[in-house]
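Open the structure in your viewer and keep the sequence beside it. This tour goes from selection to selection and says what is found at each stop.

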Amino acid sequence: MFAGIRIAAIDAAATGEFLTAIGFAELAPPAQVEVAGDQLGAGGAAHPVTCVVSRYALAEDAHQFSLTVVAHPDTRNADPVPWGGNHQGLYRCALRVENTEAAMSLVPDSVEVMGDPVWCPLPGTKIEGLYISFLRSPDGVVFEFVERPLKYFSRG
C-alpha cells in the first residue's frame, strides 16, 4: 500500500517550516537518523549515513499518508539550490484544497508565492475547471494548491 513519500532537502528545518506553513502537521521533528546510503540515491554505498529526518502529514489524510524529509549531511554543499530542473518545472507536488483563494489567505509571507492563481479549464468533467496557485519550497520545489472541492470528487 502506498502510504508515503520521501523527499530530499538541503535544510530539513527550513523545509519543515515551509511544510507546516502550508498546512502540514509535524509527526516527527527533525532528528539524526542512520540511513542506508543505497536508500538515498541510485548507486549509493550500502554503509549508513547520519541524516536529519522528519515526518509530516495533512490532517485531511488522517495521517494515513506521510511525507518524510531527509537531509543528507553533504547537501549543505549544494547551497545555493541547484535550480536546473526546478526552473523547468520538473519537480512539483500538488495539494488539494477546497478553495484556492481561502487557502492562499492562510499562507504566511515567509512562503514564496509564484504569481497569481491560474485558471485551468476542464471541459467534459464534473466541473468547469479549477484554480491552481503555485508556491516554492526553500529547496526550489514547486508546490501547487489545486482547487478540488470534495463535493465533486467524493465517492457517492
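The stops below cover paired strands and then salt bridges.

**Paired strands**

Keep in mind that the model is predicted. Begin by selecting residues 24-36, strand β2, together with residues 48-58, strand β3. These two strands pair in the antiparallel sense, over 10 bridges. To see one of the bridges, pick V33: its bridge partner in β3 is C51.

Keep β3 selected and add residues 66-71, strand β4. How many bridges join β3 to β4? There are five, and the two strands run antiparallel. Now show Y56 and look across to β4, where L67 stands opposite. While the side chains are visible, remember that in a regular strand they alternate between the two faces of the sheet.

**Salt bridges**

Next, turn to the charged residues. Side chains of opposite charge can pair when their charged atoms come close. A search of the whole structure finds three salt bridges.

Select R96 and E60. They form a salt bridge, and their closest N and O atoms are 2.4 Å apart. The pair links distant parts of the chain: R96 lies in strand β5 (residues 92-97), whereas E60 is in the loop between β3 and β4, 36 residues apart. Are these side chains buried or exposed? R96 counts as partly exposed, because its relative accessibility is 22% and buried means under 20%. E60 is also partly exposed, with a relative accessible area of 48%.

Leave R96 selected and add E98. Here is another salt bridge, with the closest N and O atoms of R96 and E98 3.0 Å apart. E98 counts as partly exposed at 42% relative accessibility. With E60, R96 and E98 shown together, the view holds a network of salt bridges that links these residues.

For the last stop, select E112 and R136. Their salt bridge has its closest N and O atoms 3.3 Å apart. This pair, too, links distant parts of the chain: E112 belongs to strand β6 (residues 112-113) and R136 to strand β8 (residues 129-136), 24 residues apart. Which label, buried or partly exposed, fits each partner? E112 is partly exposed, with a relative accessible area of 39%. R136 counts as buried, because its relative accessibility is 13% and the limit for buried is under 20%.

How values were computed: Residues numbered from 1 in each chain as written. Predicted model: local features only at pLDDT ≥ 70, side-chain atom pairs only at ≥ 80, totals over all residues. Heavy atoms only, no water. Pairing = 2+ DSSP bridges. Helix = DSSP H or I, 4+ residues; strand = E, 2+ residues; numbered from the N terminus. Salt bridge = Lys/Arg side-chain N within 4 Å of Asp/Glu carboxyl O. Buried < 20%, exposed > 50% of the residue type's maximum accessible area, 1.4 Å probe, protein only.
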